[in-house]
Amino acid sequence: MIRVQEGDFDVGAELERLSAEAHGSGAISCFVGLVRDFSGGESVSAMTLEHYPGMTERQLGKIEAEARERWPLDAVLIVHRYGRLEPGDRIVLVATASAHRKAAIDACSFLIDWLKTKAPFWKLEETPEGDRWVDADPQDTAAEERWTAPEVERGHG
Amino acid sequence: MQMLYFGWVRQRIGVPAETVAPPDEVRDVDGLIDWLSGRSDAYAEALRNRDTLRVAVNQELCEFDAPVGAGDEVALFPPMTGG
């Protein structure tokens with residue numbers, strides 16, 4: 001399931017719901033991304049996430065479908081926020097449920113790596129030096145590319 | 001043709017969206033960017049470096065040689081930074 005929203009989410013409530021949906025799963029893996037209070041050596045007082053309504057949901061849907069192709073998942077949840085957020089605020093939740101832990105953990109890791117470079121979001125940071133757009137991080141591209149390698153493991157845990 | 005701009009592309013061009021009617025010679029994204037760049041210094045500056053631009057036609061990511069025509073929704077933006 002994909003949700004793109006301005007408001008916050010309750011991690012516990014989301015995982016409860018996922019657990020109920022994935023009745024019988026042996027494992028749920030979860031990642032929560034937060035706003036940092038620093039970036040590139042500068043303090044960050046807030047961050048505004050802009051996105052492409054419509055395309056965002058499509059891209060996230062494709063990313064979810066790709067994960068379901070690769071791993072035996074019982075349920076997938078991606079919640080991504082937009083708008084102005086402050087340090088410590090939650091940005092994104094990725095959770096996966098599977099019969100076994102390895103599939104759940106690997107799929108969760110895959111999803112967050114793919115989100116970084118394939119979800120149409122752009123971040124504007126507020127710093128003491130003024131506002132600045134966050135550049136794409138080459139490390140994120142490298143992280144995403146490791147999942148495109150043919151030897152990606154698809155085993156069960 | 002419906003244009004959409006995001007991130008610093010939007011900021012440099014100055015509008016988030018606009019309807020444009022490029023001439024018939026404009027058949028692909030490359031041609032569209034060249035045509036837009038001729039409209040003003042702001043467009044030229046925003047679209048100067050294609051290495052830092054990404055494009056979606058009708059909400060699908062594509063390359064600069066992708067065909068475009070009347071009725072398409074074309075979005076130009078910086079590399080994405082989700083998560």
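Biologist: Which residue in S6(A) stands opposite A:Arg3?
Modeller: Remember that this is a predicted model. Strand S6 of chain A covers residues 73-81 and pairs with S1(A) in the parallel sense, over 4 bridges. Opposite A:Arg3 in S6(A) stands A:Val79.

Biologist: In what order do the 4 strands of that open sheet of chain A lie?
Modeller: Strands of a sheet pair through backbone hydrogen bonds, parallel or antiparallel. Here the pairing is mixed. The order in chain A is S1-S6-S8-S2.

Biologist: Which strands of chain A stand at the edges, and why is one side of each left without a neighbour in the sheet?
Modeller: The order S1-S6-S8-S2 belongs to an open sheet. An edge strand here has a single partner strand, so one of its sides has no neighbour in the sheet. In chain A, the two at the edges are S1 (2-5) and S2 (27-34).

Biologist: What is the average twist from one strand to the next in the sheet with the order S1-S6-S8-S2 (chain A)?
Modeller: This sheet has 4 strands with mixed pairing. From one strand to the next, the twist averages 10 degrees.

Biologist: Helix H1 of chain A lies across strands S1, S2, S6 and S8; at about what angle does H1(A) run to S8(A)?
Modeller: H1(A) is made of residues 11-21. Strand S8 of chain A spans 90-98. H1(A) runs to S8(A) at about 25 degrees.

Biologist: Which strands of chain A does helix H2 of chain A lie across?
Modeller: H2(A) covers residues 55-70. Its direction is at about 155 degrees to S6(A). The strands of chain A that H2(A) lies across are S1 and S6.

Biologist: H2(A) and H3(A) pack at an angle of about 150 degrees; is H2(A) roughly parallel or roughly antiparallel to H3(A)?
Modeller: Helix H3 of chain A holds residues 101-118, and its axis is 10 Å from that of H2(A). Angles over 145 degrees count as roughly antiparallel, and the packing angle is about 150 degrees. Therefore H2(A) to H3(A) is roughly antiparallel.

Biologist: Is the crossing of H2(A) and H3(A) left-handed or right-handed, and how many charged residues does the contact have?
Modeller: H2(A) passes H3(A) in a right-handed crossing. H2(A) contributes residues including A:Leu60, A:Ile63 and A:Ala67, while H3(A) brings, among them, A:Phe110 and A:Trp114. By class, this contact has 7 nonpolar and 1 polar residues, and the charged ones number 4.

Biologist: The axes of H3(A) and H4(A) cross at roughly 130 degrees; what does that make H3(A) to H4(A)?
Modeller: Helix H4 of chain A is residues 138-145, and its axis comes within 8 Å of that of H3(A). An angle of roughly 130 degrees lies outside the parallel, antiparallel and perpendicular ranges. So H3(A) is, relative to H4(A), oblique.

Biologist: Which residues of H4(A) meet H3(A)?
Modeller: The crossing of the two helices is left-handed. From H3(A) come A:Asp113, A:Trp114, A:Lys116, A:Thr117 and A:Lys118. In H4(A) they meet A:Asp140, A:Thr141, A:Ala143 and A:Glu144.

Biologist: How many residues lie between S9(A) and S10(A) in their hairpin?
Modeller: S9(A), residues 121-127, and S10(A), residues 130-133, run antiparallel and are joined by 4 bridges. A:Thr127 has A:Gly130 as its bridge partner in S10(A). The number of residues between the strands is 2.

Biologist: What is the radius of gyration of chain A?
Modeller: Chain A has 4 helices and 10 strands. For its 157 residues the globule rule gives 15 Å, close to the value found, so the chain is as compact as a globular protein of that length. The radius of gyration of chain A is 16 Å.

Biologist: How many strands does chain B have, and in what order do they lie in its open sheet?
Modeller: Chain B holds 3 helices and 5 strands. The pairing in its sheet is mixed. The order in chain B is S2-S1-S5-S3-S4.

Biologist: Which residue in S2(B) stands opposite B:Gln2?
Modeller: S1(B), residues 2-5, runs antiparallel to S2(B), and 3 bridges join them. Opposite B:Gln2 in S2(B) is B:Thr19.

Biologist: Which helix lies across S3, S4 and S5 of chain B?
Modeller: Strand S3 of chain B is 54-57 and S5 is 73-77. The helix runs at about 80 degrees to S4(B). That helix is H2(A).

Conventions: Residues numbered from 1 in each chain as written. Chains lettered and ligands numbered in written order. Predicted model: local features only at pLDDT ≥ 70, side-chain atom pairs only at ≥ 80, totals over all residues. Heavy atoms only, no water. Pairing = 2+ DSSP bridges. Axes fitted to C-alpha atoms, helices over the stretch in contact; angles between N-to-C directions. Contact = heavy atoms within 4.5 Å. Parallel < 35°, antiparallel > 145°, perpendicular 65-115°, else oblique. Left-handed = near helix turned anticlockwise from the far one by under 90°. Nonpolar A, V, L, I, M, F, W, Y, C, P; charged D, E, K, R; others polar. Rg over C-alpha atoms; globule rule 2.2 N^0.38 Å.
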